[in-house]
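Hi everyone, thanks for making time for this. I'd like to walk you through one model, so let's put it up on the screen.

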Amino acid sequence: MKKIFSVVGMIIILSPLICLGYVEYRLHRLEKVTYTYLYDVKNYAEKEVLSVKGNMKKLSLFTVEVIFSDEPAIMYDYKMNGRGEIIQIGASDPKDGWKTYKPLHLEE
């Protein structure tokens, strides 16, 4: 009986750690694939990309936020679609002039 409680206790303790590890792995992998997409497919230079940060969001669970050096106030969101391809899903609005501003790196 003590063995059963020990096994159940270990499962209860390890489950959140395994889930957290899985989320961190997915975000890190998505960041890496997004870097490859930006540099190899879209031909951006390293100095053009200011940051690439993976996050979990409500609508699109695993998302990468990219900030370009020439537009530090705009955040572009990328995700992996069902075929394993990186796609851009949108850009944030600037605080000033958001009605007339046209983001420079929007993909069609």
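Before we look at any residue, one term: a residue is called buried when its relative accessible area is under 20%, and exposed when that area is over 50%. Keep in mind as well that this is a predicted model.

Let's start with the aromatic residues. Tyrosine 76 has a relative accessibility of 0%, so it counts as buried. Phenylalanine 68 also comes out at 0%, and so it is buried too. The structure has 4 aromatic pairs. In one of them, the ring centres of phenylalanine 68 and tyrosine 76 are 5.3 Å apart and the planes meet at 70°, so we call this pair edge-to-face. The cut-off behind that label is an angle over 60 degrees. If you bring Tyr44 into view, you'll see a cluster, with ring pairs linking Tyr44, Phe68 and Tyr76.

Now please move to strand E2, which covers residues 62-68. Threonine 63 sits in this strand. Is threonine 63 buried or exposed? Its relative accessibility is 1%, so threonine 63 is buried. And where does its side chain reach? It comes to 2.7 Å from the backbone oxygen of serine 60. Beyond its neighbours within four places in sequence, threonine 63 has contacts that include Leu30, Lys53, Gly54, Asp77, Tyr78 and Ile89.

Leu30 from that list of contacts takes us to the next stop, since Leu30 also helps to line the largest cavity. The count gives 1 cavity of 30 Å³ or more, and the space in the largest cavity is about 50 Å³. Alongside Leu30, its lining is made up of Arg26, Arg29, Phe62 and Met80. Which element gives the most to this lining? That would be helix H1, residues 2-41, with 3 residues. Sorted by class, the lining has 3 nonpolar and 2 charged residues, with no polar ones.

Last stop: the loop between H1 and strand E1 (49-56), where you'll find asparagine 43. Its phi is near 60°, a positive value in a residue that isn't glycine. Asparagine 43 has a relative accessible area of 59%, so it is exposed, whereas phenylalanine 68 and tyrosine 76, where we began, are buried.

That's my tour. Thanks for listening, and I'm happy to turn the model around for anyone who'd like another look.

Note on methods. Residues are numbered from 1 along each chain as its sequence is written. This is a predicted model: local features need pLDDT of at least 70, side-chain atom pairs count only at pLDDT 80 or more; totals for chains, interfaces and linings use all residues. Side-chain values use heavy atoms; hydrogens and water are left out. On a 1 Å grid over the protein atoms alone, a cavity is a set of points where a 1.4 Å probe fits but cannot get out, and a pocket is an open set with protein on both sides within 12 Å along at least five of seven lines; lining residues have an atom within 4 Å of a point. Grid points are joined across faces, edges and corners, and a volume is the space filled by probe spheres set on the points. Helices (H or I, at least four residues) and strands (E, at least two) are DSSP runs, numbered from the N terminus. Ala, Val, Leu, Ile, Met, Phe, Trp, Tyr, Cys and Pro count as nonpolar, Asp, Glu, Lys and Arg as charged, and the others, Gly among them, as polar. Rings of Phe, Tyr and Trp (its six-membered ring) pair if their centres lie within 6.5 Å; planes under 30 degrees apart count as stacked, over 60 as edge-to-face and the rest as tilted. Buried means under 20% relative accessible area, exposed over 50%, partly exposed in between (1.4 Å probe, protein chains only). A polar contact is a pair of N or O atoms within 3.5 Å; within protein, one must be able to donate a hydrogen and the other to accept it, and residues adjacent in sequence count only if both atoms are side-chain atoms. Contact means heavy atoms within 4.5 Å.
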